[in-house]
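I opened a fresh notebook page for this one. Here is what I looked up, entry by entry, for anyone meeting the structure alongside me.

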Amino acid sequence: MDYIAKSYNKGSHIETIEEHTEKLIILFNNFKNYIEKYYNDKTIFNKKELDLIYVACKLHDLGKMNYKFQKNINKNFKENKEIDKLYNELDIKNIPHGALSCTFINTEELKEKYNFDDEDIQILASSIFNHHNRKMLDNKKNIIESKRLKKIIEKDLKYNLEIYNELYNKNLFCAYDGIEENLIYYYKDNKLDLDNIYNFWIKFIIIKGMLNKLDYAASTYLYNKKQIGINALELEPFDPQKNIETKFNKINECQKYMLENKDKNVIVIASTGIGKTEGALLWAGKSKTFYTLPLKVSINAIYERIKNNYYDKEKISFLHSDSKMMMRKEEKEGEEDYQTKYIETRHFVYPFIVCTVDQIFYFVFKSLGTEKLPATLKYSKIIIDEIQSYSPDIIAFLIFGLKVINDLGGKFLIMTATLPPVVTHFLKENIGEKNIADIKTFYKKDNKENIIKRHFIKFIDEKEFDYNKISKSAGHKKVLVICNTVKHSQEVYNILKEYNIKNINLLHSRFIMKERKQKEDNIKNFAPNDINKRKETYGIWISTQIVEASLDIDFDELYTDMSSADSLLQRMGRVYRDRSYNKNEPNIFIYNTKIGIPYVYEQQIYDYSIESIKKYNNKIFTEEDKQKYINEVYDVEKLKEGQNNYYETIKSKINTLLNFPINGLEQKDAKIQFRNINSITVMPQKFYKELEEEKIFEKYDKSFGEEKINILEEIMHYTMSVNYYFNRYCNNKISNDNLEHIYITQLKYDDNIGLSNDIDDEADIDSRFL
């Protein structure tokens with residue numbers, strides 16, 4: 001009898017278990033060849049790991065031979081009233097086939113043939129048992145304990161499969177007496193200690209992760225669309241070194257250091273404009289690479305820069321929350337089919353992917369279903385750009401994630417203009433100093449090999465900006481004002497409007513998507529970093545933290561709220577970005593407004609940042625001074641002072657992850673936890689009414705396929721993401737299917753200042769606001 005594994009196109013095409021398994025084996029062998037061909041290190045996967053992956057591929061779907069599964073999928077399968085009665089008596093509709101596939105593990109044979117030990121069998125069984133991450137529940141949502149599971153095996157599999165007597169291992173379930181909801185992470189009698197749980201998890205994620213990767217490639221149209229081969233898993237890599245060397249007559253000292261240490265974990269501190277990105281590409285070479293940045297705008301810019309200058313555009317992609325929408329735009333401009341590109345990117349087929357850290361690092365919570373991420377990172381390189389931009393929570397998650405990557409055999413590069421020593425401290429403590437190359441610092445120099453001086457700072461202990469000075473500068477300079485909150489940026493904009501400045505603009509996160517994108521383009525055109533594109537136009541742009549590391553802009557003068565040291569230096573990086581500043585007067589004005597403390601910036605870091613910045617007041621703030629400043633503020637011993645501080649936050653989060661139980665958090669919750677999501681999507685009521693009058697929502701409900709996606713994109717142009725706090729100003733949600741996540745807000749929206757904190761006079765206000 002042919003046992004069916006899958007049914008496609010409403011049953012018009014079927015695939016047997018034997019055919020599906022053969023696909024996995026072919027892909028597995030092709031993957032081995034890929035590793036051997038493109039990686040010099042032949043020990044990326046050791047023999048035992050490869051043997052375990054191979055056996056997992058062979059056995060993972062044999063549980064589908066059970067009566068219930070075949071009855072549901074195979075029209076020709078003969079009914080058996082006795083087995084139906086058994087399932088009814090046990091109150092079981094069906095059992096995930098992964099649990100049943102485990103019974104085909106022949107322990108003694110595998111130990112003899114592959115030299116597996118008890119832990120190897122446990123890892124193999126746990127990988128197969130959980131390869132689809134489905135809970136083993138009965139009709140009443142109770143966990144199916146091993147006693148009922150064994151009855152199904154004995155009555156269903158054992159007496160209904162001709163092949164079963166040859167494969168059934170009656171001793172396997174001695175290791176499953178402790179079956180819990182999903183994963184066995186202890187042996188029959190001896191519970192693992194914490195160190196062993198971590199070590200078990202590291203081995204487990206390799207086997208299960210690669211099984212998931214191979215199984216998905218063999219199961220989806222990715223496999224069927226392409227010729228059978230490695231392309232269903234990985235595109236052939238590309239080495240950008242020749243393109244970089246062609247563009248640069250000579251690589252600089254920083255880039256040379258990265259190239260020479262491409263086989264090591266590397267931390268580089270380097271000035272803005274020194275060519276860190278090119279250095280990172282040289283370090284990555286032809287290895288599979290993930291390049292991470294904090295913000296979507298940064299990702300879009302770096303992706304375009306690398307694609308257009310250094311990398312084969314067919315082999316680079318990007319991933320963030322809006323990437324699918326942007327890929328549709330690429331397709332319209334002549335790029336490849338966006339649907340395919342998006343799916344292949346989500347499953348890491350591309351050799352180079354630029355992404356946000358939350359897209360890959362949420363595996364740190366050890367959730368079932370995330371193992372494909374670290375398994376891929378085992379043979380990859382990961383670049384962390386601007387690590388100091390993250391909150392202490394995210395820094396802790398990243399450090400633990402880098403520890404896992406290092407323990408798996410992957411490599412990482414951290415590059416930044418300034419690196420807090422507390423980050424270095426935890427990296428060395430968790431990864432080991434011997435596993436990290438010497439930390440090097442590089443400064444941008446002029447033609448005479450002098451370090452470029454870019455900033456002259458003035459600290460002003462006042463709560464208000466000097467608006468007269470700002471307005472005067474705007475007549476002959478490109479002036480940037482950065483505020484700690486959206487509210488303050490709107491207030492500053494309204495005040496400066498009274499000065500009749502010809503060119504004044506506002507950019508923050510509370511503009512609808514369409515207008516924000518236009519404003520981002522406008523600010524880049526107003527103050528481009530490229531000296532050849534600069535025009536003699538002057539005026540003011542007022543913004544928030546969103547310009548700190550996301551936009552490649554270059555202003556003449558900065559007025560800013562005091563912030564944390566790392567944020568402050570990022571803001572300075574928007575002024576005289578690649579130019580020398582030789583005047584004996586300030587071009588950076590820092591005001592101690594105390595806005596956003598302690599909600600935006602932690603009080604401890606803010607206080608230390610002020611204390612140290614005063615030492616550099618009224619003088620040129622050199623690149624060396626900036627690193628000294630960071631070292632002073634983020635000094636490890638200093639940060640240990642007080643309770644609930646920056647240091648303790650990172651330390652406690654790392655320890656929590658180390659001790660976190662396997663499958664202690666569901667995958668969807670892990671994503672939320674990593675991102676620390678506390679936001680909602682809103683549409684101002686004025687736009688909702690306009691779209692309703694144009695019957696856009698009605699058209700959306702009646703449309704299909706690409707037309708529906710086009711309408712959805714149009715709707716999303718009128719939305720924005722805001723703090724969950726703003727749900728109190730939302731009357732209801734859009735009621736249409738798939739749009740229920742969009743709240744309608746009654747707050748006033750103005751094209752010049754965005755969404756305010758004031759109720760719209762024409763809004764439909766419910767009783768909560770009366």
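**Entry 1: the sheet of 7 strands**

In what order do the strands of the open sheet of 7 strands lie? Before answering, I note that this is a predicted model. I read the order as β5-β6-β4-β7-β8-β3-β9, and the pairing is parallel. I then looked for the ends of the row: β5 (316–319) and β9 (440–442) are the edge strands, and each of them pairs on one side only. I also looked up the turn between neighbouring strands of this sheet, which is 20 degrees on average, direction ignored.

A reminder to myself: strands of a sheet pair through backbone hydrogen bonds, and the pairing is either parallel or antiparallel.

**Entry 2: walking along the pairs**

I started at the β5 edge. β5 pairs with β6 in the parallel sense over 4 bridges, and L319 stands opposite C355 in β6.

On I went to strand β4 (residues 288–292), which runs parallel to β6 and is joined to it by 4 bridges. Here I found Y291 opposite V354 in β6.

Further along the order, strand β7 (residues 380–385) and strand β8 (residues 411–416) are a parallel pair with 5 bridges. The facing residues I wrote down are I383 and, in β8, L413.

**Entry 3: a closer look at β6**

Which residues of strand β6 point one way, and which the other way? F352 and V354 go one way, while I353 and C355 go the other way. This fits what I know in general: in a regular strand the side chains alternate between the two faces of the sheet. I checked burial too, and all of these β6 residues are buried. So C355, which I met opposite L319, is buried, because buried means under 20% relative accessible area.

**Entry 4: helix α14**

How many of the residues of helix α14 (residues 276–284) are buried? I got 9 of the 9, so the helix is largely enclosed by the rest of the structure. I was pleased to list them: K276, T277, E278, G279, A280, L281, L282, W283 and A284. Right after α14 comes G285, and its phi is positive, near 60 degrees.

**Entry 5: the sheet of 4 strands**

I moved on to another open sheet, this one of 4 strands in the order β18-β17-β20-β19, with mixed pairing. Its edge strands are β18 (720–723) and β19 (730–733), each pairing on one side only. Neighbouring strands of this sheet are turned against each other by 45 degrees on average, direction ignored.

I took the pairs one by one. β17 and β18 run antiparallel and are joined by 4 bridges, with S679 opposite N723 in β18. β17 and β20 pair in the parallel sense, also over 4 bridges, and V682 has Y743 in β20 as its bridge partner. β19 and strand β20 (residues 742–745) are antiparallel over 3 bridges, where K733 has Y743 as its partner. I underlined Y743, which is a bridge partner of both V682 and K733.

Is strand β17 (residues 679–684) largely enclosed or largely open? I count it as largely enclosed by the rest of the structure, because 5 of its 6 residues are buried.

**Entry 6: looking for empty space**

Rolling a probe the size of a water molecule over the atoms shows where empty space is left. Searching the whole structure turned up 2 cavities of 30 Å³ or more. I looked into the second largest, with a volume of about 40 Å³. Its lining is made of P96, H97, G98, F129, N130, H131, H132, N133 and R134. Sorted by type, these are 2 nonpolar, 6 polar and 1 charged.

**Entry 7: a methionine and some cysteines**

M136 sits in the loop between α7 (118–129) and α8 (146–160). Its relative accessible area is 1%, so I marked M136 as buried. I also looked up how far M136 lies from I709: they are 573 residues apart along the chain, and their C-alpha atoms are separated by 36 Å.

How many disulfides does the count give? It comes to 0. I looked at cysteine burial as well: C254 counts as buried at 1% relative accessibility, and C483 counts as buried at 0%.

Conventions. Residues numbered from 1 in each chain as written. Predicted model: local features only at pLDDT ≥ 70, side-chain atom pairs only at ≥ 80, totals over all residues. Heavy atoms only, no water. Pairing = 2+ DSSP bridges. Helix = DSSP H or I, 4+ residues; strand = E, 2+ residues; numbered from the N terminus. Axes fitted to C-alpha atoms, helices over the stretch in contact; angles between N-to-C directions. 1 Å grid on protein atoms, 1.4 Å probe; cavity = no way out; pocket = protein on both sides within 12 Å on 5 of 7 lines; lining within 4 Å. Points joined across faces, edges and corners; volume = space filled by probe spheres on them. Nonpolar A, V, L, I, M, F, W, Y, C, P; charged D, E, K, R; others polar. Buried < 20%, exposed > 50% of the residue type's maximum accessible area, 1.4 Å probe, protein only. Disulfide = S-S within 2.5 Å.
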